[in-house]
Protein chains: 4
Amino acid sequence: MKKLKIATIGGGSSYTPELIEGFIKRKDVLPIKEIWLVDIEEGKEKLEIVGAMAQRMVKAAGLDWEVHLTLDRREALKDADFVSTQFRVGLLDARIKDERIPLSHGILGQETNGAGGMFKAFRTIPVILGIVEDMKELCPDAWLVNFTNPSGMVTEAVMRYGNWNKVVGLCNVPIVCRKIAAGGLNTTEDQLTFKFAGLNHFHWHRVWDREGNEQTQYLLDNIYATEDGMSVAMGNVMSGLGKGEKDEAMSDSGVKNIPMISFLKDQVKDLHIIPCMYHRYYYITDDMLQEEIESYKEGKTRAEEVKRTEARLFELYKDPNLDYKPEELGQRGGTYYSDAACELISAIHNDSRVEMVVSTKNNGAVPDLPSDCVVEVNAVIRSSGPQPISWGRFEPSTRGLLELMKDMELTTIEAAYTGNYGKALQAFTINPLVPSGKIAKTLLDEMLVAHKKHLPQFKDKIAELEAEGVTYNG
Amino acid sequence: MKKLKIATIGGGSSYTPELIEGFIKRKDVLPIKEIWLVDIEEGKEKLEIVGAMAQRMVKAAGLDWEVHLTLDRREALKDADFVSTQFRVGLLDARIKDERIPLSHGILGQETNGAGGMFKAFRTIPVILGIVEDMKELCPDAWLVNFTNPSGMVTEAVMRYGNWNKVVGLCNVPIVCRKIAAGGLNTTEDQLTFKFAGLNHFHWHRVWDREGNEQTQYLLDNIYATEDGMSVAMGNVMSGLGKGEKDEAMSDSGVKNIPMISFLKDQVKDLHIIPCMYHRYYYITDDMLQEEIESYKEGKTRAEEVKRTEARLFELYKDPNLDYKPEELGQRGGTYYSDAACELISAIHNDSRVEMVVSTKNNGAVPDLPSDCVVEVNAVIRSSGPQPISWGRFEPSTRGLLELMKDMELTTIEAAYTGNYGKALQAFTINPLVPSGKIAKTLLDEMLVAHKKHLPQFKDKIAELEAEGVTYNG
Amino acid sequence: MKKLKIATIGGGSSYTPELIEGFIKRKDVLPIKEIWLVDIEEGKEKLEIVGAMAQRMVKAAGLDWEVHLTLDRREALKDADFVSTQFRVGLLDARIKDERIPLSHGILGQETNGAGGMFKAFRTIPVILGIVEDMKELCPDAWLVNFTNPSGMVTEAVMRYGNWNKVVGLCNVPIVCRKIAAGGLNTTEDQLTFKFAGLNHFHWHRVWDREGNEQTQYLLDNIYATEDGMSVAMGNVMSGLGKGEKDEAMSDSGVKNIPMISFLKDQVKDLHIIPCMYHRYYYITDDMLQEEIESYKEGKTRAEEVKRTEARLFELYKDPNLDYKPEELGQRGGTYYSDAACELISAIHNDSRVEMVVSTKNNGAVPDLPSDCVVEVNAVIRSSGPQPISWGRFEPSTRGLLELMKDMELTTIEAAYTGNYGKALQAFTINPLVPSGKIAKTLLDEMLVAHKKHLPQFKDKIAELEAEGVTYNG
Amino acid sequence: MKKLKIATIGGGSSYTPELIEGFIKRKDVLPIKEIWLVDIEEGKEKLEIVGAMAQRMVKAAGLDWEVHLTLDRREALKDADFVSTQFRVGLLDARIKDERIPLSHGILGQETNGAGGMFKAFRTIPVILGIVEDMKELCPDAWLVNFTNPSGMVTEAVMRYGNWNKVVGLCNVPIVCRKIAAGGLNTTEDQLTFKFAGLNHFHWHRVWDREGNEQTQYLLDNIYATEDGMSVAMGNVMSGLGKGEKDEAMSDSGVKNIPMISFLKDQVKDLHIIPCMYHRYYYITDDMLQEEIESYKEGKTRAEEVKRTEARLFELYKDPNLDYKPEELGQRGGTYYSDAACELISAIHNDSRVEMVVSTKNNGAVPDLPSDCVVEVNAVIRSSGPQPISWGRFEPSTRGLLELMKDMELTTIEAAYTGNYGKALQAFTINPLVPSGKIAKTLLDEMLVAHKKHLPQFKDKIAELEAEGVTYNG
């Protein structure tokens, strides 16, 4: 039986232990031969720390898997069966800029769909397209499993501009939505039918109980519209979970990455579908902004918190006796991501037919969006790839916002690919999280200059802006 | 735990033993309390024969299920959990007319999508809509599992004009396609990924192997384009099957219901998707017509053969010692249908997540067709109903034909519902299997008169036609 | 030859003299018999003043037309050939609230597409649907020519909920766009081909010169992206116009209704299509808001200015010697509207085939929007109604915003029709001019209470809000 | 003022006198400098005959236009302002094969949408794409006015594979439909509003009277459904026309190109839209086929008749005293075509805004077809090109057939462009006028061999067929 070579770009990430743990959990169904953790020169130290720990974890599990650490991406990609991406161009300092620069202008940064996320796309897309070019040469049959954010835009860019179809984008938000629903209905996830549709960090879902009766309205009325409801749901999520898991769940549901603020009751009661946590940025912008501005003033934006957490984690990882994923990783946020990646890899390899929520080609699943764009929907995972489940039409009250966001994504990735400044400004203009006009241009310009090092496609424009006196005083 | 009441309309059908066998096979997951076999006065004798046999089968299986026989549909529907429909308005004699009248004019009857199938829709739709009205009153939470042909049109009518969404249409053609592919690739079905899309008896499919590599082109080139290939595939299907199963498989694949004629190689080699057996009526009309005209002349149309088979079957069923499904039922054609119905009922009841190919609401799965119409696609069966899997766009060489057939269906069911003669003639006019012009009108008129008894919606028009001298001399 | 009866709902409007002038200008092609000016009790005094003046104007023109003044709408509608609507539910005081309440919260009111416009829709739609009900009974063959704002939403409501298809919505913004283009290209409008598409107050256009060469990019680069360019264009518009006309043109182009602020160059240079003046609310929100807040502080919102202008106009209208449209009406804003209504009536009556930009049923002209919704596009005006000209697909950078606005409109009119508070809050939530969250709800609630008298459909909710202590302290 | 150079490819056509007459009629608005009549070596003699006559016509009109005759296409195209195409690859002998070969198998040839028309597309598309390549180099700003049949497919090929957008396809069928409607309503065309939509030789239309009331149903009931009605309508068309014009009108309406057979009443009464004359091939196939088979047996297919008429015409043209279009040209069929080309050229040059029915890019005008394909619809002709008027959705009873025909066209032109034999067979398979199966392949193969000389793209396949023994014994 063929044994697998898995390459992980951004292998020096603090998430790596969860990824390794995920592989170990599935050791009976995943015949791994080699895991290649790749990183860049700047990430060498972290790669060595977390890589050594990964090797200890594998050893502790009694497995003969080879765990390679390398700065040579091409060596890692050669003949790989799966390539997973968890890299962060510009490291956490770039994310800090993504969040703090907008907030310094009184604007939400939002590292996935807001100004911050758009810049993350600007930085990431040229790099991922380079990886795809290498893959075409070195491992043309491999699957690319992306969980670098903004996961939807990155996946779309790989398909649209990289002409690479064997790619799946992952996200942990649907996983948390499922946990909340199970908590809210006082049952377990496997008793429920979920249907998700939309975009990465911008999807809605419906829920049915074991008897096939829809429980969507119940959840809207009793959980999503009240802070009490959310607390009860989260409490139920917590009970029955161990300490680390509790932290993980909490971190995802908002305490860590998103402030725990509920929707307005009247806002959701007639939606007929359940928004995701990230919709709060669009539905209750005022409260979200106020909360984030306070964090900003205290130097406690999510990016800064994550940076501190990471520092602590790497201290832990240095411990030569630590050979399991520490509970503290739960505080990092973004948990379930790496496990989802392992689950996906296993599902493809084993043709397991498990249903996951992934970013994949629409093909009509969301008929209100173009058939050839990337959407985030339920999909049955087969060895031939994800088979998306059709959602049907949206009502006007949600449809237009979804269509706008997709077009914001398409405009953003066009700017990321071409370096067209006008398209970048258009993307800022139509993004509901960015006020339009001079302020948008000011923000765009400052962020371009601030991220100069990682934006080769905008080089000329940045030079022009600097000549005009635009500076970043972060 | 709740125990199930299942009502089967058309319970006197010769298929009933397969249905009962299907339930018995699933006895561990289907907590049945009552099975109600319903039929009409004209079917009373058959109902009693096959009903008695059903009771013997249940008893032989050591089960305490109640098997009720009744002519009172409302009694059977009261509080039912599942209603399955396998009735045939006008019995087999009507089907004989459906096939022989067109052939007497040198036209294919085709009891599903041709003139015959359209008349079956005309007869069936008023009756199924009456059943739905009863269900709204007597069992508003029940699922309607339809395998009365034309299954797609009947399902569409139930949704569109009956406003009843808990309905699933079934067909055995995809099951046979799967078997052919497995045979052609010398593997088993569970090793393959299948994706079907289109309409009932008018769908295409793609196939991937266990490693995720598409095998569609291989099957087109090596199986579907050659008579040898088809024989080999069928041979492989046969080997490993018991005697009865062989007959069943053969009967479905064409020997019984459809003559075994292969596509033209050049016709399919650049299709990129695999047509179904019924596409032969549209792709190699000349050969199919010639074959059927010969059967017609010999009094051996499929309907006539089935009638003879049924007579033999009912003789067998009369045997008070027979308490299992006889092998001869395999010759009846339409096998797998009843088993599929059992599988579907079990899947909904148990939320089993099995993937089946069913007629269900499009919701974008086939973006080339309206979102709100019925299509036949892969769907994950949940307790909340079928979740269709998106197929994506068709190429022009198949798209237009599919769109035409859907509109032929929609025009047919509109005529069936309203009794509009002009719409009926339009449906005949656009159906590729019916030549257009005076001949179409002549055929339509003769069939209206011939089926007069079962076409209340066309009553006035039929009286007018008779006054004009139109007669049926069957 | 048949002579025409024209009924004008809101006949007491200060616009009426332009309307009468428009009819008089077309006296050779419009065989008018009767003009009925209708108003409500509160508008009786204005109706009498402006109605008397209308009678003087007709007399001075030497025409025998009857000009009737009435408070009995049904009498006016009886056997009418054309019904034009220019009424304002709640009069200008309601518009003042529409603009001042949002600005008191730091939010743009925007009387057409913003919070103000949405409330205008809430107040107007129940009334226009009542008019349509009367028309069905009293003048079922009449055309309804609507220029009550928000013209697009009102037209959509008439079609969608009134089931009345003989309706056309008018707007003067395209007329001003045409003048700017002609000015910018230093030519006359008749030398240019224009193509508009989008929604009322939210459309884009393209321009070609006499030789068929597209001049869109030239206008974007040289006119729309610079304040100088706009000034030059406006200057050209002015030259060659008489004093009154100059005021009119200026008032429309922004000096009166919209502050004269240009787009950002980088924002429009890669759009490939030209936005309308109202897009500035969405593209340069920051500047527009700042300008309006200053007006608000000075008690000089547009509504307040208009109220003062109207007071002056009605003083003028009282002059028994005034029998022509005074130049000062040009300052009122909204000029060209009434003349466009006359042009449209003449075009329908005479089957003149003139091309106008109107709100009408899409029918595919804008394939990115549903076929059955109302869009604002070029249309050839025939006696059978407007024939819309197809625009084709939008690029993502404009498509999503257009789709969002249409869905904001649909959600708004659904709320206006049903009185569903949740839909109203949703419409506020998705409108890009209204910040989302508690602030949106606060604004919505205060406006509901403030407009209580004219919102019968929200009566229960308003009572509830008042019980909760929501007040309006305008 | 710029003077025009017009190049006519296929200048040796018998139609040329009508074209010249059309230009002369418009001499006051068309500032022509040069007309270049281009033909190929085989057409040299006819070019010289008809070219000399053209020169006499221009001289007789007292005009100083230069009329050049040439076999050098590039010389003619150099700096042309308009290029019109009326060439026929393979001359009339090819058309005779297009009609007679299918009929020899009992199949309709139909030189526009049937097997004959498909082969005309196969022969024409490579040539027109060559012309477009020349135009890109020699006259990149020119408009291409195509009336070489199949006009819609040729236009689509120019846009889709030639990437040339300045092209308009013309047809005379809508002109005849207009005349029939005016005749049927006993009025003149200018009193009516027409709306056409569909494809070349496959469109439907609606008609409104001067008062804006729809008369479509009246025409369906009283004209299109009865032979008497058609006769009356044609009679009305005739009265008031001179002798030659009568022949022309008759020839178009069916006596010449299409047998005068009416639709079935019940077939059209509930269509709600009026089919065109060519729909008779699809709606009353049986009668049309019978009629054509009789013509075939007598050696009087339309192609053969046209050949005889042409021979007579060229005898006339040789008369050095003939300097006007002879009445006999009316018998040729296809009249109005050349005049429509002149009208179109004049309309573009003069930005005349006249409404014509042309083949142009859809852009949503027919939302049931892809936005980027070519449709035949009403369009306002501007100097920037045709502006299509939106039609809206079709009903299912017509939609599917339209979609099928578009896809037949797309598949045909793909085969024409690529030489893919499988696609050619697919196009034959889905065309409703060609029976499917072995017969289709037999027909395709024989026609390929018969037209061998003009099908370079199928060269290898034809060689293969010949090696297999396929022959043409015409």
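# Strands, helices and meeting chains

Six bridges join strand 1 of chain C to strand 2 (residues 32-38) of chain C, and these two strands run parallel. Within this pairing, Lys5(C) stands opposite Glu34(C), a residue of strand 2 of chain C. Strand 1 covers residues 4-9 of chain C, and five of its six residues are buried, so the strand is largely enclosed by the rest of the structure. The reader should keep in mind from the start that this is a predicted model.

A second strand, this time in chain A, shows how one strand can take part in several pairings. Strand 11 (residues 374-382) of chain A pairs with strand 10 (residues 355-361) of chain A in the antiparallel sense over seven bridges, and in this pairing Lys361(A) stands opposite Val374(A) of strand 11. Strand 11 of chain A also pairs with strand 7 (residues 193-199) of chain A, again in the antiparallel sense but over two bridges, and here Gly198(A) has Glu376(A) as its bridge partner in strand 11. A further antiparallel pairing, over four bridges, links strand 11 of chain A to strand 12 (residues 385-388) of chain A, where Ala379(A) has Pro388(A) as its bridge partner in strand 12. Strands 11 and 12 of chain A form a hairpin, with two residues between them. How much of strand 11 of chain A is buried? Nine of its nine residues are, so this strand is largely enclosed by the rest of the structure. When looking at such strands, it helps to remember that in a regular strand the side chains alternate between the two faces of the sheet.

From strands we can turn to helices, beginning with helix 5 (residues 115-138) of chain D. At 1.5 Å a residue, the 24 residues of this helix should span 34 Å, and its end C-alpha atoms are 35 Å apart, which agrees. Helix 5 of chain D nevertheless bends by about 35° at Thr124(D), and a proline, Pro126(D), follows within four residues.

In chain A, helix 16 (residues 396-418) contains Ala415(A). Is Ala415(A) buried or exposed? A residue is buried if 20 or more other C-beta atoms lie within 10 Å of its own, and Ala415(A), with 27 C-beta neighbours inside 10 Å, therefore counts as buried. Leaving aside residues up to four places away in sequence, Ala415(A) touches Asn420(A), Lys423(A), Ala424(A) and Ala427(A). The C-alpha atoms of Ala415(A) and Gln457(A) are separated by 9.0 Å, although these residues are 42 residues apart along the chain.

Some loops hold backbone details that deserve a careful look. In chain A, a cis peptide bond with omega of about -10° joins Asn149(A) and Pro150(A), and Pro150(A) lies in the loop between strand 5 (143-146) and helix 6 (151-160) of chain A. In chain D, the peptide bond from Asn149(D) to Pro150(D) is cis, with omega near -5°, and Pro150(D) lies in the loop between strand 5 (143-146) and helix 6 (151-160) of chain D.

The angle phi also offers two examples. Asn186(A) has phi near 55°, a positive value in a residue other than glycine, and it lies in the loop between helix 7 (173-184) and strand 7 of chain A; with 9 C-beta neighbours inside 10 Å, Asn186(A) counts as exposed. His201(C), which is not a glycine either, has a positive phi of about 60° and is found in the loop between strand 7 (193-199) and strand 8 (202-208) of chain C, but with 25 C-beta neighbours inside 10 Å, His201(C) counts as buried.

Finally, we come to the way in which chains meet. Chain D can be laid on chain C with an RMSD of 0.0 Å by a turn of 180° and a shift of 0.0 Å along the axis, and that is the relation of a two-fold axis. Where these two chains touch, 25 residues of chain D are in contact with 25 residues of chain C. The elements of chain D that give two or more residues to this side are strand 7 (193-199), strand 11 (374-382) and strand 12 (385-388), and the largest share, three residues, comes from strand 12 of chain D. Moreover, 100% of the interface residues of chain D are also interface residues in chain C, so the copies meet through the same surface.

Between chains B and D, 38 residues of chain B are in contact with 38 residues of chain D. On the side of chain B that touches chain D, the largest share, twelve residues, comes from helix 16 of chain B, and the residues of this side divide into 15 nonpolar, eleven polar and twelve charged.

Note on methods
Residues numbered from 1 in each chain as written. Chains lettered and ligands numbered in written order. Predicted model: local features only at pLDDT ≥ 70, side-chain atom pairs only at ≥ 80, totals over all residues. Buried ≥ 20, exposed ≤ 12 C-beta atoms within 10 Å, placed from the backbone. Pairing = 2+ DSSP bridges. Least-squares fit on C-alpha atoms with pLDDT ≥ 70 in both. Contact = placed C-beta atoms within 7 Å. Expected span 1.5 Å × (residues − 1). Bend = angle between axes of the 7 residues up to and from the residue. Nonpolar A, V, L, I, M, F, W, Y, C, P; charged D, E, K, R; others polar.
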